[in-house]
Amino acid sequence: MIGSKVYRRYASALLGLGREDGHFEEYGQELSEFERFCQANSMFFGAVCNPIFAMEGRHKVLEEVLGRSSFGPVVQNFLRLLLAKDRLRGLPAICEHYAHLSDEALNIQRARVVTAKPLRKKSLDRLERALERLTGKKVKAEVSDDEALIGGVMVKIGDMVLDGSIRAQIEGLKESLKRGELS
């Protein structure tokens, strides 16, 4: 819990710098790119995060990677600070919170959409527009498939769940039959 509070502070600080200079979206992209690099290169990430190795060696490894990157000086200095404060292992939590704060600043709401079959682009666009009218915010949908839904769509946006799946309708019908509501 304490670690997550600390990581939120780091994300908030970087976003604050980005809002001041107008580059917070760019910083978020660079931070996400570095996180993807770390996920793809687990040995690198393990080496720079492991306190068993001397800080000087860890710093050299990070500098080698940063020297080959196209990251701006603010993000590079931010990553150096995370290493110096031994907080680099919290990068996934920092990125997640940064994305959340960035979405708030841009008035974006994320929606998790589950469908029985893949949605066509046109259908997804219509769904996003409908959700935008519902929330009053720009909506970005993360779509996945689940054949167990049989048909229809299930949407989770914030704390709200909209379940228009055939599976939910069948379950509702079963419950009504059990209670004797349908005669």
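The following questions and answers concern a predicted model and deal with its overall build, its sheet and one surface residue.

Me: How many helices and strands are there in the chain?
Reply: Read along the sequence, the pattern is α-α-α-α-α-α-β-α-β-β-β-α. The chain therefore has, by the assignment used for such runs, a count of eight helices and four strands.

Me: Is the chain compact or spread out, judged by its radius of gyration?
Reply: The C-alpha trace spans about 75 × 35 × 30 Å along its principal axes, and 32% of the 183 residues count as buried. For 183 residues the globule rule gives 16 Å, and the radius of gyration is well over that, so the chain is more spread out than a compact globule, at 22 Å.

Me: In what order do the four strands of the open sheet stand?
Reply: Strands of a sheet pair through backbone hydrogen bonds, either parallel or antiparallel. Strand β1 (residues 108-115) and β3 pair in the antiparallel sense over five bridges, with arginine 112 opposite lysine 156 in β3. Four bridges join β3 (residues 153-157) to β4, and these two strands also run antiparallel. The pairing in the sheet as a whole is mixed, and the order is β2-β1-β3-β4.

Me: Which strands stand at the edges of the sheet?
Reply: The order of the open sheet is β2-β1-β3-β4. A strand with a single partner has one side left without a neighbour in the sheet, so the edge strands are β2 (138-145) and β4.

Me: What is the average twist from one strand to the next?
Reply: The sheet in question is open and has four strands with mixed pairing. From one strand to the next, its twist averages 20 degrees.

Me: Which residue takes a positive phi in the hairpin of β3 and β4?
Reply: The hairpin has two residues between its strands. On the β3 side, isoleucine 157 has methionine 160 of β4 as its bridge partner. The residue with a phi near 65 degrees is glycine 158.

Me: Is methionine 160 buried, partly exposed or exposed?
Reply: Methionine 160 is found in strand β4 (residues 160-163), an edge strand with a single partner. Buried means under 20% relative accessible area and exposed means over 50%. The value for methionine 160 is 32%, so the residue lies in between and is partly exposed.

Me: Which residues form a nonpolar patch on the surface with Met160?
Reply: Members of a patch need over 30% relative accessible area, and methionine 160 has 32%. The patch has about 240 Å² of accessible area together, and Met160 shares it with Leu134 and Leu162.

Key:
Residues numbered from 1 in each chain as written. Predicted model: local features only at pLDDT ≥ 70, side-chain atom pairs only at ≥ 80, totals over all residues. Heavy atoms only, no water. Patch = residues over 30% accessible without salt bridge, like charges linked within 9 Å, V, L, I, M, F, W, Y side chains within 5 Å. Areas by Shrake-Rupley, 256 points an atom, 1.4 Å probe, with all protein chains shown as cover. Salt bridge = Lys/Arg side-chain N within 4 Å of Asp/Glu carboxyl O. Buried < 20%, exposed > 50% of the residue type's maximum accessible area, 1.4 Å probe, protein only. Pairing = 2+ DSSP bridges. Axes fitted to C-alpha atoms, helices over the stretch in contact; angles between N-to-C directions. Rg over C-alpha atoms; globule rule 2.2 N^0.38 Å.
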